[in-house]
Each structure stands twice: as C-alpha cells, then as structure tokens.
Amino acid sequence: MTTIGTLLLVLSVGPLAGFAKASHEVSVETPTDDAPFAEEMATAETSFRTTGRSRSRAHNVELAAKFLHGAVLQPGETLSFNERVGERSADNGFLAAPVIAAGRIRSGMGGGVCQVSTTLHIASLGAGLEIVEHRTHSRPSSYAPVGLDATVSWGTIDYRVRNPYDYPVRVSAYTRGGDVHVSIEGAEVIANQVSGETVRELPIRERVVTDAALAAGAREVEQAGRVGAVARVVVVAADGTRQVQNHWYSAAPRIVRVGA
C-alpha cells in the first residue's frame, strides 16, 4: 500500500547475525548540505516476514535497501537499480531465498530483492519520476497492490528511473520491524496518489496431455493452473491529472494427463 507521510528515522541495516558480510560497495553521493533534499516528495512502504524460513529473504531485503539508500540523481540523470544494488551473489552478501520465475516460486540467489525495487517503484510514481524501465512479475506479488510490483534480475531485467526535475533528488531506503521504506527527497512535495487494482481476471485454460503410462481413461492433474489478471495502475497528481496504465499477468494452464 502506498503511503505518504514524514519519515522520522533513517536506519542503515546490515546483514543478519551469522550471515555472510556484503563485499559490494556503493558510492553514497550525500552532500554535507541537505538543503536540496529538504522535502519528502513521496514515500512508500511494504511489509515482509522476518522469522523462520523467511529469514534469508528478510536478509536480502535489508541488504538491498542498504545498498539503495543514499542514491542521488542529478537533473536528467537515470538510476539503475541493478547497478546501484549490485550483483545478487554470495560474495556481495546475498543468500538463496524464494523468487518468482516463469510463474512459479523457486529458490534463487537474492530472493526478496524485488520487494525493494517494487517499493522504489511505488515511491517513484508518487514523486513523479520518469519510469524508464519497468516490468511486473509473471504473477501478482503478495506485498504490493496488483500492477505495482517491479521485478529485477541481475544481467537481464533492470528497473530504471530518471529525474525529470531541474533539481537533484535523493533516495532514502531502510527497513524496520518487517517493513521496507523508500522515500524520494528533493526540493518540493509531489505526493501523487498511486493505486493498482484488478479490472479483469484471465481464465485458466485446460491442456490435456496423453500419457501411455496411465490406465486408459484415467486422468491425473499435473498442474492446477492459476487465474491471470489485467491490472490497472492509476497515478493522480495534485492538480487532478491522471495517468493510467494496464499490466497483464498471464494465466497458468491446468495440465491434465490422460491415459491412452
């Protein structure tokens, strides 16, 4: 859910105890004079689990937020999420955790990092930054409104935003108590209203596969399938100007094996 408000505290969170220490380094372009970043243009917040089997994913979220924090975009400059956060590798301190790939949840290095790019995306829309490169996942994410998720993958899929203003902007990112916060700071408050909703469901189609190993007439469901969706994202500026964009999440087929 997108939230607009005032950040009271900025934390830089390191790796969880007992996990690998990150070697990736970023250049934090934070000037001694904070005057250019006196206003919180927009902010976004999403929640994540931190205990049990989610600890590795939580670690990746915290680490990615730490690397993202402090990025400065001069007028006309573009921020690449992948360049800023770096390769999701063990050498950089990331861990294997669940990721969405090809419509399925599986283990992958740096699982959870997409939650940080998603939160940055929502904040960027709220701040009126220009979205240069953005792609949703193959299925909706549980931590963000439909249509507002932003998938990233090192070397293949990036998330990039450009500063369209005549003043610099800065990204503030931190985690606290199972929440990841991303704010865009600059010379004025923008605070666009951002929302995403499902406007149409895409039906599951059945695919029948003949399987000689099954008894004649026998049916076995190999994959249950998943409903797809058409999502509508609406960004409303203070003057009432509306930007509308649709995103598609393909349905996964129901696969049934039938004996010959």
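## Asparagine 163 and two open sheets

The side chain of asparagine 163 reaches the backbone oxygen of leucine 73 at a distance of 3.1 Å. This value, like the others in this report, comes from a predicted model. A second polar atom pair involves the side chain of asparagine 163: a polar atom there lies 2.9 Å from the backbone nitrogen of tyrosine 165.

Where in the chain does asparagine 163 have its place? It belongs to the loop between strand 8 and strand 9, the latter covering residues 169–176. Asparagine 163 has a relative accessibility of 0% and therefore counts as buried, the cut-off for that term being under 20%. Leaving aside neighbours within four places in sequence, asparagine 163 is in contact with Leu73, Gln74, Pro75, Gly76, Glu77, Leu129, Pro168 and Val169.

### The sheet that contains strand 8

Strands of a sheet pair through backbone hydrogen bonds, in either a parallel or an antiparallel manner. Strand 8 is part of an open sheet of 3 strands, whose order is 4-8-7 and whose pairing is antiparallel. Strand 4 (78–80) and strand 7 (130–133) each have a single partner strand and stand at the edges, so one side of each is left without a neighbour in the sheet. On average, neighbouring strands of this sheet are turned by 25° against each other, direction ignored. Within the pair formed by strand 7 and strand 8, glutamate 133 stands opposite arginine 160 of strand 8.

### A second open sheet

Another open sheet of 3 strands has the order 12-16-13, and its pairing is mixed. Here the edges are taken by strand 12 (206–211) and strand 13 (219–223); each has a single partner strand, so one side of each lacks a neighbour in the sheet. The average turn between neighbouring strands of this sheet is 30°, direction ignored. The bridge partner of glutamine 223 is isoleucine 255 in strand 16.

The table sets out one antiparallel strand pair from each sheet.

| Strand pair | Residues of the second strand | Bridges |
|---|---|---|
| Strand 7 and strand 8 | residues 160–162 | 3 bridges |
| Strand 13 and strand 16 | residues 254–259 | 4 bridges |

### A residue with positive phi

Most residues other than glycine have a negative phi. Alanine 191, although not a glycine, has a positive phi of about 50°. Is alanine 191 buried or exposed? Its relative accessibility is 18%, so alanine 191 counts as buried. Alanine 191 lies in the loop that runs between strand 10 (179–186) and strand 11 (193–202).

Definitions and conventions. Residues numbered from 1 in each chain as written. Predicted model: local features only at pLDDT ≥ 70, side-chain atom pairs only at ≥ 80, totals over all residues. Heavy atoms only, no water. Pairing = 2+ DSSP bridges. Helix = DSSP H or I, 4+ residues; strand = E, 2+ residues; numbered from the N terminus. Axes fitted to C-alpha atoms, helices over the stretch in contact; angles between N-to-C directions. Buried < 20%, exposed > 50% of the residue type's maximum accessible area, 1.4 Å probe, protein only. Polar contact = N/O pair within 3.5 Å; in protein donor to acceptor, adjacent residues only side chain to side chain. Contact = heavy atoms within 4.5 Å.
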